[in-house]
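Please read the following points with the sequence and the structure open beside you, and check each one against what you see.

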Amino acid sequence: MTASPNTTSIYVDADACPVKDEIYRVAIRHGLPVAVVAGNFIRIPHDPLIQCAAAGPGMDAADDWIAARAGPGDIVVTADIPLASRCVKSGAAVIAPNGKPFTEDSIGMTLAVRNLMTDLRASGEITGGPRSFSPRDRSTFLATLDQTIRRIQRRQADAIAPRETSRQG
């Protein structure tokens, strides 16, 4: 994906993402490029804004592909907390498929809770996984994605405005 520096790109950790169709619709409406990243080939809509990136079979290949490209002004959609942490640190906006944003303020605690839960599951203390994905999660995700796009676009417009004014003066 090659976009201009002021173009927001959306990177989707796609292997288990339940909101891919919603991402495609929102991205097309806003004219934003989407990279759908998976370990293997994944079917995507035929649209020039949407591309599939087969990152390869390695355990973290898709995560590494996304983390190497996502940065300020970009959006990453993932439920993978270590990937979310890497992308937040690089300046990208990160949203879970349930609509929960990962931020610099929340990612440390989220990562700690994830590690604790992993340890508790490994010791047999907890045997269940996360709650199932709901229609409310889908709706929350759509609202969060749209708000995130608008916030990034406002920041980009605000950054361009002073340069335009100085050129005219």
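**Notes on a predicted model**

1. In helix 1, the residues that count as buried are K20, E22, I23, Y24, V26 and A27. An α-helix has 3.6 residues a turn, so residues three or four places apart point the same way. Just after helix 1 comes G31, which has a positive phi, near 70 degrees. Please keep in mind throughout that the model is a predicted one.

2. For an overview, the protein contains 5 helices and 6 strands, and their order along the sequence is β-α-β-β-α-β-α-β-β-α-α. Of its 169 residues, 39% count as buried, while the accessible surface comes to about 9,700 Å², with 53% of that belonging to carbon and sulfur atoms. When contacts between residues at least 6 apart in sequence are considered, 49% of them join residues at least 24 apart.

3. Which residues of the largest nonpolar core touch the most other members? They are I10, I23, V34, I75, V77 and L145, out of the 23 residues that make up this core. Two or more residues of the core are given by each of strand 1 (10-13), helix 1 (20-30), strand 2 (34-38), strand 4 (75-77), strand 5 and helix 5. In soluble globular proteins, nonpolar side chains tend to be buried together.

4. V77 is a good residue to select when you look at this core, and if its neighbours within four places in sequence are left aside, V77 is in contact with I10, Y11, V12, D13, C17, V19, I23, I95, P97 and F141. Apart from the largest core there lies another one, of 19 residues, which include A53, A67, V88 and A92.

5. Helix 2 covers residues 61-69, and within it A61, A62, D63, W65, I66 and A67 are buried. The partners against which the buried residues of helix 2 pack are strand 1, strand 2, strand 3 (50-54), strand 4 and helix 3 (81-89).

6. Is D146, a residue of helix 5, buried or exposed? Its relative accessibility is 13%, and because buried means under 20%, D146 counts as buried. Setting aside residues up to four places away in sequence, D146 touches V26, R29 and H30; of these, V26 also appears among the buried residues of helix 1.

7. K100 makes a useful second case, since this residue lies in the loop between strand 5 and strand 6. K100 counts as partly exposed because its relative accessibility is 37%, a value that falls between the limits of 20% and 50%. Although K100 and D137 are 37 residues apart in sequence, their C-alpha atoms are 8.9 Å apart in space.

8. Finally, please look at the second largest pocket, whose volume is about 350 Å³. This pocket is lined by 19 residues, and those closest to its centre are G91, A92, A93, R151 and R155. Strand 5 (93-95), strand 6 (101-102) and helix 5 (135-168) are the elements that give two or more residues to the lining, and the largest share, 7 residues, comes from helix 5. By type, the lining residues of this pocket divide into 8 nonpolar, 7 polar and 4 charged.

Key:
Residues are numbered from 1 along each chain as its sequence is written. This is a predicted model: local features need pLDDT of at least 70, side-chain atom pairs count only at pLDDT 80 or more; totals for chains, interfaces and linings use all residues. Side-chain values use heavy atoms; hydrogens and water are left out. On a 1 Å grid over the protein atoms alone, a cavity is a set of points where a 1.4 Å probe fits but cannot get out, and a pocket is an open set with protein on both sides within 12 Å along at least five of seven lines; lining residues have an atom within 4 Å of a point. Grid points are joined across faces, edges and corners, and a volume is the space filled by probe spheres set on the points. Helices (H or I, at least four residues) and strands (E, at least two) are DSSP runs, numbered from the N terminus. Ala, Val, Leu, Ile, Met, Phe, Trp, Tyr, Cys and Pro count as nonpolar, Asp, Glu, Lys and Arg as charged, and the others, Gly among them, as polar. Buried means under 20% relative accessible area, exposed over 50%, partly exposed in between (1.4 Å probe, protein chains only). Contact means heavy atoms within 4.5 Å. A nonpolar core is a set of buried Ala, Val, Leu, Ile, Met, Phe, Trp, Tyr and Cys residues joined through side-chain atoms within 4.5 Å. Accessible areas come from the Shrake-Rupley method with a 1.4 Å probe; for residues, only the protein chains shown count as cover.
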